[in-house]
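Open the model in your viewer and keep the selection panel at hand. The tour moves from helix pairs to a single residue.

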Amino acid sequence: MAFEPPQRLVRALGEDDAWLARLPGTVEETVDRRKLDVERTVVPGGRSSLLLLVRQPDGTPAALKLAPPSAAPGHEAAALEHWNGWGAVRLLDAADGELLLERLHPEVSLRSLPEAKALLEAAGTVRRLWVESPAGHTFETVADRTARQAAAMRNSAEPLVAAALAARDELVAAAPEELLLHGNFRQGKVLSGDRAPWLAVGPEPLVGERAYDLARLARDRVEDLVASSAGASAARRRLNRLADSLEVDRDRLRGWTLFRAVESGLRAVAAGRRAEGELALEFAGWL
């Protein structure tokens, strides 16, 4: 079958990436082995994986996700298996680097809704995901993941870095709970489905407190906030509403939102996505 990876994936991984170079052959081998009929590639797709809309041998629609080892597809599969369709896309089968998933509507995410409605649906979805982690799990902890991120931030001259690192250190020193988290939860990671109106996709699972999981959602649609004359106050009101609606401590949510916004902003700038990074850093400055 003729296949070209989406340009967004090529730009993110680099044209010389070994996994990307093998991807056309991987797609052909996987589709043949599973006896799938490919309908189309989802574009623009993500920066770390490929998603194909397929039909199984019996004609049932599904989605095939292929991801490199750096994206930890095994951890994603383990989290989806543990949730078993509760608030998240259902995992149908998994093998090394490949996930066969329930078919959702990839072009219809919560970002298609008005902001207030989107946040309400997002809160209801993420609440379902916060469960006890499976026994014997190998998921990373919030403390471990953010320690690695913090180490990469320490040489930055960005004025907000010191505040973000101090907030992170204080938060991990007194973590109130250890639950299974989505890890990258935002409106674009909640898609329309047939089995349920909205289901989460694309977890980067880890174990920790709920406030960490809400921190990326609090920054959603940041471009709209920055364009508003009342962006700073609107951002703080949104953060407080999220915290109160999900019974999360406001100060802990503010701290994790600050850390994650600064870390994301620095990473985006370093990757050449300057406009995206500057938006995140401006948002962080409001907190």
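In which crossing, left-handed or right-handed, does H10 pass H11? The crossing is left-handed. Keep in mind that this is a predicted model.

**Stop 1: H10 and H11**

Select residues 250-270 for H10 and 274-285 for H11. Their axes lie 7 Å apart, at an angle of about 160°. An angle over 145° counts as roughly antiparallel, so that is how H10 runs to H11. Now show the side of H10 that makes the contact: Thr257, Leu258, Ala261, Val262, Gly265, Leu266, Ala268 and Val269. Across from them, H11 supplies Arg274, Glu276, Gly277, Glu278, Ala280, Leu281, Phe283 and Ala284. Color the contact of H10 with H11 by class: ten residues are nonpolar, three are polar and three are charged.

**Stop 2: H5 against H10**

Keep H10 and add H5, residues 142-153. Here the axes come within 11 Å and cross at roughly 50°. H5 and H10 are therefore oblique to each other. H5 also passes H10 in a left-handed crossing. From H5, pick Val142, Thr146, Gln149, Ala150 and Met153. From H10, pick Trp256, Phe259, Val262, Glu263 and Leu266. This contact of H5 with H10 holds seven nonpolar, two polar and one charged residues. Val262 and Leu266 of H10 are worth a second look: they touch H11 and also H5.

**Stop 3: the buried face of H3**

Move to H3, residues 73-83. Which of its residues are buried? Select Pro73, Glu76, Ala77, Ala79, Leu80 and Trp83. Turn the view to look down the axis of H3. The buried residues fall within an arc of 165°, so they line one face of the helix. What do they pack against? Show strands S3 (61-66), S4 (91-95), S5 (98-102) and S8 (179-181), plus helix H4 (115-129). Then step just past H3 to Asn84, where phi is positive, about 50°.

**Stop 4: Pro73**

Return to Pro73, which sits in H3. Why does Pro73 count as buried? Its relative accessibility is 9%, and buried means under 20%. Next, draw a distance between the C-alpha atoms of Pro73 and Gly97: the separation is 5.7 Å, with their positions 24 residues apart along the chain. Finish with the contacts of Pro73. Leaving aside residues up to four places away in sequence, Pro73 touches Ala67, Pro68, Gly97 and Leu99.

Note on methods
Residues numbered from 1 in each chain as written. Predicted model: local features only at pLDDT ≥ 70, side-chain atom pairs only at ≥ 80, totals over all residues. Heavy atoms only, no water. Axes fitted to C-alpha atoms, helices over the stretch in contact; angles between N-to-C directions. Helix = DSSP H or I, 4+ residues; strand = E, 2+ residues; numbered from the N terminus. Parallel < 35°, antiparallel > 145°, perpendicular 65-115°, else oblique. Left-handed = near helix turned anticlockwise from the far one by under 90°. Contact = heavy atoms within 4.5 Å. Nonpolar A, V, L, I, M, F, W, Y, C, P; charged D, E, K, R; others polar. Buried < 20%, exposed > 50% of the residue type's maximum accessible area, 1.4 Å probe, protein only. Arc of directions from axis to C-beta.
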